[in-house]
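The following paragraphs lead through one protein model, moving from its sheet to the helices and then to a pocket. Please keep the sequence and the structure in view while reading.

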Amino acid sequence: MISQALANAVSHLRHCRRCNTFTEDEICSLCLNPRRDATQLCVVETPADQNVIEASHSYRGLYFVLMGRLAPLSGIGPDDLGFRRVLERATDGIVTEVILATSFTAEGDVTAHYLSEALRERGLTVTRLARGVPAGGELEYVDASTIAWALAERRP
């Protein structure tokens, strides 16, 4: 029973033509939702990252899911992640801001930097998720790198 359900899911699962997330339809329900802000495009690494942002209920724009991140040492480059599709999607004449929500790892930072340069060359506003001390976090349990970023990126 479970194996049949999994086989059925795999045979019907595809990538959304607009945002590249997993869906059973040609275009996913988020991309088809007229209440979403089509001027904002949030670029994430995985559908799991997209789900976490959605669970926050604080973002009403659209997404593009890379299905990975640049990893030059592993041979994963821009062509492997379909960066051309991201650039086409972001320059559709509707998007005005691209939010880069890649992970705060070396590969995530490289991915964000590469996309940021390419998107800014095309006249788009590009922002990156803030990083710092988590709400409710105690400083003694936060790593030194996060503390350093929080100090560097502090706001009045």
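Across which strands does helix 5 lie, and at about what angle does this helix run to strand 6? In this predicted model, helix 5, which spans residues 106–121, lies across strand 3, strand 5 and strand 6, and its direction makes an angle of about 165° with that of strand 6. A second helix can be described in a similar way: helix 4, made of residues 83–90, lies across strand 3, strand 4 and strand 5, and runs at about 165° to strand 4.

The strands named here belong to an open sheet of 4 strands, arranged in the order 4-3-5-6 and paired in parallel. Strand 4 (61–65) and strand 6 (125–128) each have a single partner strand because they stand at the edges, so that one side of each is left without a neighbour in the sheet. From one strand to the next, the twist averages 25°. Within this order, strand 3, covering residues 37–44, and strand 5, covering residues 97–100, are joined in the parallel sense over 4 bridges; Cys 42, for instance, has Ile 99 of strand 5 as its bridge partner.

Turning from the sheet to the pockets, the largest pocket has a volume of about 190 Å³, and its lining is formed by Arg 128, Leu 129, Ala 130, Arg 131, Trp 149, Glu 153 and Arg 155. Sorted by class, this lining comprises 4 charged and 3 nonpolar residues, with no polar residue among them. Arg 128 is one of the lining residues, and its number also falls within the range of strand 6 (125–128), one of the strands at the edges of the sheet.

Note on methods
Residues numbered from 1 in each chain as written. Predicted model: local features only at pLDDT ≥ 70, side-chain atom pairs only at ≥ 80, totals over all residues. Heavy atoms only, no water. Pairing = 2+ DSSP bridges. Helix = DSSP H or I, 4+ residues; strand = E, 2+ residues; numbered from the N terminus. Axes fitted to C-alpha atoms, helices over the stretch in contact; angles between N-to-C directions. Contact = heavy atoms within 4.5 Å. 1 Å grid on protein atoms, 1.4 Å probe; cavity = no way out; pocket = protein on both sides within 12 Å on 5 of 7 lines; lining within 4 Å. Points joined across faces, edges and corners; volume = space filled by probe spheres on them. Nonpolar A, V, L, I, M, F, W, Y, C, P; charged D, E, K, R; others polar.
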